[in-house]
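Work through these short exercises on aromatic rings. Keep the structure in view as you go.

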Amino acid sequence: MLDLINDLLWGKVLIALLIAVGVGFTLSSRFVQFRYFARMFRILGASQAFKRDKHGHLSSFQALLLSIAGRVGGGNIAGVAVAITLGGPGAIFWMWLVGLMGMATSFLECTLAQAYKTAQPDGTYRGGPAYYIARGLGSRWKWLAALYSVLLLVTFGFGFTALQSYAVATSFDDAFGIPVLYTGIGMAAVVGLIIFGGIKRIARVTEVLVPVMAVGYLLIAFVVLGMNLPRIPEVFLLIVNSAFGLEPAVGGGIGAAIMMGVKRGLFSNEAGLGSAPNVAAVAYVPHPANQGVVQAFSVFIDTLIICSATAFIILLSGAYDPTSGADIGGVALTQVSLADHVGEWGRSFVSVALLLFGFSTILYNYYLGENSLNYFSDGNVTLFNLFRIAIVALCAWGALTDLGTVFAFADVTMGFLALANLIALLMLFKPGLRLMRDFDEQIRAGIRHPVFDAQKFADLDIDPAAWEIEPEDIERLKRYGAAAPTAGQPVK
């Protein structure tokens, strides 16, 4: 039954919707992900990217790191290996394409999440697809918002948590001979200590963990590329030829390459799933499009850089024979491939990298589950504590779960999650483009850091309390021609 649903969702429905949203918004926005690629660095380099307001909201930079913590996980190490094993090297090409189009999709969903975020009584924000569906599409679509929240809880809160725990535990068993149960218990204990401290403690941990794990993994990938420099063009040709069925002996042909590339690409970068907008919405930024641009960059980091690093480590090694397929799969293929390049310590390196990737992803998954519960319970402390206990238990249980069952379950729930969100994004194209054009116009007017004037978008049911104007922004609003409110007050 899982296979039947997967074939229907991923073989037909989701590919069409991903193309419709990714390509559609790319064209409608005049290639926003490429137009603002350089601005991604300028936004992150500005002092505002690290700024928090009086309520202690996450900064734009913290939200970026937290979303990277979620995107960069088992999908970048185990998922890429699975894609190559089952779909051939050509699956990587389709992962790249999903990533490039996914940058536009991520811009759209994260910009909408920022615009439709709501202010809470304690001064914090809540937001994400459930909120932009309910507020952006109106009361008739609240059922879809509720359905999305349930799917988010099941997919990330439960399914992906078990998947990450399994990937880490099996990797440690292969590299160090540590029984999977012990690894699961150890992860459960550490995760419990962090998640009971809430989102701010999670953000502080990822602020340190993510740069260390990403830079370390990329450094070893660059070493591998340097050792195999003459063969890099050959691997590029293998990937492209396999993607279009020009290497019939590789993988399962063009159909398998496309399906595995799309599935594993989306599993890795999550563009279109609506997961990253839950984090993007709580960041403190002067304009919704700011975080849209930043989150598009996180897709680029995940798919075009880190997934590519894993792919080249595998395809440049002697562990994978592209003419006959691999005898091993999953994370073990990545471990054996790196060991082939640098020696046996490569196995241990992959295991440690996967531990850090998986650990940060579990923290991210927890936050998404918490945000889902908040949509229904409005901050019920008892319910949140029960959920935290369930996450801790899943870390131990997931370590003992069969890989095939976990991946099949995650594919199905992720498929339905993407279906609900992509339908909403198609219906919210116009508000998304309107927000982007407001950002564009301010840039053209010479305003280096555009400011969001919520009163111009009153018809979109935006919560004005979530958009307070800082004193230094008033002058920029005046220059732009907007009526400047009193400093520190919401635009009304």
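**Exercise 1.** Are Phe-452 and Phe-457 buried or exposed?

Solution. The model is predicted. Buried means under 20% relative accessible area. Phe-452 is buried, and Phe-457 is buried too.

**Exercise 2.** Classify the aromatic pair formed by Trp-96 and Phe-236.

Solution. Start with the total: the count comes to 22 aromatic pairs. Trp-96 and Phe-236 form one aromatic pair, with 5.8 Å centre to centre. Rings pair if their centres lie within 6.5 Å. Next, take the angle: 45° between the planes. Planes under 30 degrees apart count as stacked, over 60 as edge-to-face and the rest as tilted. The pair is tilted.

Now place the two residues. Trp-96 sits in helix α6 (residues 90-115) and Phe-236 in helix α11 (residues 232-243). They are 140 residues apart, so the pair links distant parts of the chain. Trp-96 has a relative accessible area of 15%, so Trp-96 is buried. Phe-236 is at 39% relative accessibility, so Phe-236 counts as partly exposed.

**Exercise 3.** Explain why the pair of Phe-452 and Phe-457 is stacked.

Solution. First, the ring centres are 5.1 Å apart. Second, the planes are at 25°. Planes under 30 degrees apart count as stacked, so the pair is stacked.

**Exercise 4.** Which residue lies over the face of Trp-467, and which over the face of Tyr-36?

Solution. Take Trp-467: Lys-117 lies over its face, at 4.2 Å from the ring centre. Then take Tyr-36: Arg-35 lies over its face, at 5.0 Å from the ring centre.

Notes. Residues are numbered from 1 along each chain as its sequence is written. This is a predicted model: local features need pLDDT of at least 70, side-chain atom pairs count only at pLDDT 80 or more; totals for chains, interfaces and linings use all residues. Side-chain values use heavy atoms; hydrogens and water are left out. Rings of Phe, Tyr and Trp (its six-membered ring) pair if their centres lie within 6.5 Å; planes under 30 degrees apart count as stacked, over 60 as edge-to-face and the rest as tilted. Helices (H or I, at least four residues) and strands (E, at least two) are DSSP runs, numbered from the N terminus. Buried means under 20% relative accessible area, exposed over 50%, partly exposed in between (1.4 Å probe, protein chains only). A charge sits over a ring if NZ of Lys or CZ of Arg is within 6 Å of the ring centre and within 35 degrees of the ring normal.
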